[in-house]
Amino acid sequence: MKEILLYLAPSAALALVIRVLAGAHPFFFLFTVAGTICHELAHFVAGLLTGARPASFTVIPRRVGRHWELGSVTLTRVRWYNAAPAALAPLVIVLLPFCVAWWRTRQPWQFDMRDLFVALALAPQFLSFWPSMVDWRIAVRSWPYLFIIVGAAWLAFHFRPHLFQFVNP
């Protein structure tokens with residue numbers, strides 16, 4: 001795990017630099033395109049899989065008030081059961097850098113030129129995996145899942161209490 005985190009350190013540092021530069025001038029949105037595409041594709045695919053019916057997809061930045069919208073997906077059939085999966089789908093994106101780092105570090109390795117390109121490709125993923133405020137507001141429509149999760153936990157505890165016993169060190 002230490003090797004994976006070490007491998008991802010340059011990508012995380014580049015992500016911070018990209019974040020600062022993109023805030024300074026719209027030109028630097030070019031460095032966020034890969035992450036924006038992954039973010040919006042996550043919404044689109046989750047929308048398809050859950051029946052939320054994606055109707056449009058764009059990754060062209062546009063000014064919305066005082067902020068920039070880097071991309072969007074319009075879902076035409078958001079219901080309580082598909083709101084959270086479709087809106088929070090970008091959270092899965094954070095697995096991509098970790099999978100690439102695992103793949104690169106599973107054998108003895110050292111940084112070389114291609115790792116600089118990989119770091120530049122992975123950096124936008126660290127910026128794009130977190131759902132936007134709009135995504136979180138849509139996800140709240142799935143509040144009935146809270147009853148399902150609490151009920152399942154209660155049943156598991158009630159019928160299988162040994163699963164919740166913790167060993168004291």
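1. Burial is the term on which several of these points turn: a residue is called buried when its relative accessible area is under 20%, exposed when that area is over 50%, and partly exposed in between. With a relative accessibility of 2%, Asp-115 therefore falls among the buried residues. The model discussed in this note is a predicted one.

2. Asp-115 is also a partner in a salt bridge, formed with Arg-104, in which the closest N and O atoms are 2.9 Å apart. Because Asp-115 belongs to helix 5 and Arg-104 to helix 4 (residues 95-105), the pair ties together parts that are 11 residues apart in sequence. Arg-104 has a relative accessibility of 13%, so this residue counts as buried as well.

3. The count of salt bridges comes to 2, and a further pair to examine is that of Asp-112 and Arg-114, whose side chains meet in a salt bridge at 3.3 Å, N to O. Here the surroundings can be stated for each partner: Asp-112, at 33% relative accessibility, counts as partly exposed, while Arg-114, at 52%, counts as exposed. As background, side chains of opposite charge can pair when their charged atoms come close.

4. Which buried residue has no salt bridge, although a side chain of opposite charge can be named as the nearest to it? The residue is Asp-135, for which that nearest side chain, Arg-137, is 8.8 Å away. A salt bridge requires a side-chain nitrogen of Lys or Arg within 4 Å of a carboxyl oxygen of Asp or Glu, so a separation of 8.8 Å does not qualify. Asp-135 is placed in helix 6, which covers residues 133-139.

5. What Asp-135 does have is a polar contact, made by its side chain with the side chain of His-39 at 3.3 Å. When residues up to four places away in sequence are not counted, Asp-135 touches His-39, His-43 and Ala-87.

6. His-43, one of the residues touched by Asp-135, is in helix 2 and is buried, with a relative accessible area of 5%. The side chain of His-43 reaches the backbone oxygen of Ala-86 at a distance of 2.8 Å. Leaving aside neighbours within four places in sequence, His-43 is in contact with Val-73, Leu-75, Ala-86, Ala-87, Ala-89, Pro-90 and Asp-135.

7. The largest pocket holds about 1,100 Å³ of space. It is lined by 35 residues, of which His-39, Trp-68, Glu-69, Leu-70 and Ser-132 are the closest to its centre. Two or more lining residues come from each of helix 1 (2-24), helix 2 (33-50), strand 3 (67-69), strand 4 (72-75), helix 3 (83-87), helix 5 (113-128) and helix 6. Helix 2 supplies the largest share of the lining, with 5 residues. His-39 thus appears in this note both among the residues closest to the pocket centre and as the polar partner of Asp-135.

8. Two further residues of helix 5 deserve a separate comment, namely Ala-119 and Pro-124. Ala-119 is buried, with a relative accessible area of 7%, and, leaving aside its neighbours within four places in sequence, is in contact with Pro-10, Ser-11 and Leu-14. The C-alpha atoms of Ala-119 and Ala-55 are separated by 33 Å, the two residues being 64 residues apart along the chain.

9. Pro-124, at 3% relative accessibility, likewise counts as buried. Its contacts, when residues up to four places away in sequence are not counted, are with Phe-31, Thr-32, Ala-34 and Gly-35. The C-alpha atoms of Pro-124 and Thr-36 are separated by 7.7 Å, although these residues lie 88 residues apart along the chain.

10. Where is Met-1 found? Met-1 is found in the segment before helix 1, and this residue is exposed, with a relative accessible area of 61%. Between the C-alpha atoms of Met-1 and Thr-105, residues 104 places apart along the chain, the separation is 9.4 Å.

11. A last point concerns the backbone of Arg-53, which has a phi near 50°, a positive value in a residue other than glycine. Most residues other than glycine have a negative phi. Arg-53 is found in the loop between helix 2 and strand 1 (54-58) and, at 52% relative accessibility, counts as exposed.

Conventions:
Residues are numbered from 1 along each chain as its sequence is written. This is a predicted model: local features need pLDDT of at least 70, side-chain atom pairs count only at pLDDT 80 or more; totals for chains, interfaces and linings use all residues. Side-chain values use heavy atoms; hydrogens and water are left out. Helices (H or I, at least four residues) and strands (E, at least two) are DSSP runs, numbered from the N terminus. Buried means under 20% relative accessible area, exposed over 50%, partly exposed in between (1.4 Å probe, protein chains only). Lys and Arg count as positive and Asp and Glu as negative; His and the chain ends are not counted. A polar contact is a pair of N or O atoms within 3.5 Å; within protein, one must be able to donate a hydrogen and the other to accept it, and residues adjacent in sequence count only if both atoms are side-chain atoms. Contact means heavy atoms within 4.5 Å. On a 1 Å grid over the protein atoms alone, a cavity is a set of points where a 1.4 Å probe fits but cannot get out, and a pocket is an open set with protein on both sides within 12 Å along at least five of seven lines; lining residues have an atom within 4 Å of a point. Grid points are joined across faces, edges and corners, and a volume is the space filled by probe spheres set on the points.
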